[in-house]
Amino acid sequence: AAVAGPRVEPKLLHELTAAESTSIDECLATGVLCVEEGAFVFRHELARQATLDRLSPQAQKALHARILAAMSAGSPDGAALSLSRLAHHAAGAGDRDKVLEFAPRAAAEAAKLGAHQQAAAHLANALKHADGALPALAAQLHESWAYEAGVALRIDESILAARHKAI
């Protein structure tokens with residue numbers, strides 16, 4: 001639940017914890033998790049962060065991969081899949097191909113909503129995986145990141161370098 005995010009759909013959490021069928025009930029009984037507007041949430045964000053901090057990087061990576069697979073297999077509770085969440089879990093899983101698939105789409109979605117800092121963050125994650133990408137895709141990622149970061153009023157040497165690299 002901590003790796004899945006601040007809010008976790010019941011269907012997704014049940015799928016992820018199927019082997020430990022009583023774990024959700026125990027978390028609810030002890031007050032670590034509660035139900036809010038049809039989703040599981042940690043009672044306190046600090047508890048979620050503390051739980052994350054106790055997991056090894058390898059365990060977090062494996063859990064992100066499981067969450068990504070579960071979310072990709074089908075939308076939890078029939079809700080529309082969040083490109084932002086898919087990009088986040090792809091990055092957490094270290095899945096280069098999925099990051100390059102979801103992050104630019106999540107960035108475009110964020111940009112349409114005027115969330116240019118979030119769009120720039122998604123593109124920055126994609127750029128971390130762009131070394132082996134086709135040159136046209138890498139150039140587009142650099143150009144898009146430079147644009148979104150610039151719109152978000154972040155003009156510095158890294159934006160200029162990304163523009164030059166795109167060219």
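## A walk from His64 to the sheet and beyond

His64 is a buried residue, with a relative accessible area of just 8%. Keep in mind that you're looking at a predicted model. To find this histidine, go to helix H4, which runs over residues 57-73. What does His64 touch, once residues up to four places away in sequence are set aside? The list is Val3, His88, His89, Gly92 and Ala93.

Two of those neighbours, His89 and Ala93, bring us to helix H5 (residues 83-93), since both turn up among its buried residues. The others on that buried list are Leu83, Leu86, Ala87 and Ala90. So what covers them? The cover over the buried residues of H5 includes H4, along with helix H6 (96-112) and helix H7 (116-127). Right after H5 comes Gly94, and its phi is positive, near 70°.

Now swing over to the sheet. Three strands make it up, in the order S1-S3-S2, and the sheet is open with antiparallel pairing. Strand S1 (7-8) and strand S2 (33-36) stand at the edges; each has a single partner strand, so one side of each has no neighbour in the sheet. As a reminder, strands in a sheet pair through backbone hydrogen bonds, and they can do so in a parallel or an antiparallel way. S1 pairs with strand S3 (residues 39-42) in the antiparallel sense, over two bridges. If you want a spot to look at, Arg7 stands opposite Val41 in S3. Helix H2 (residues 23-30) packs on this sheet, where it touches S2 and S3, and its direction makes about 90° with that of S2.

Between S2 and S3 there's a loop, and Glu37 sits in it. Is Glu37 buried or exposed? Its relative accessible area is 75%, and anything over 50% counts as exposed, so Glu37 is exposed. The backbone here is worth a look too: phi of Glu37 is near 50°, a positive value in a residue other than glycine.

Last stop: helix H8 (residues 135-151), where you'll find Tyr147. Tyr147 has 47% relative accessibility, which lies between the 20% and 50% cut-offs, so it counts as partly exposed. How far is Tyr147 from Arg163 in space, C-alpha to C-alpha? The distance is 8.6 Å, with the two residues 16 apart in sequence.

Notes:
Residues numbered from 1 in each chain as written. Predicted model: local features only at pLDDT ≥ 70, side-chain atom pairs only at ≥ 80, totals over all residues. Heavy atoms only, no water. Helix = DSSP H or I, 4+ residues; strand = E, 2+ residues; numbered from the N terminus. Buried < 20%, exposed > 50% of the residue type's maximum accessible area, 1.4 Å probe, protein only. Contact = heavy atoms within 4.5 Å. Pairing = 2+ DSSP bridges. Axes fitted to C-alpha atoms, helices over the stretch in contact; angles between N-to-C directions.
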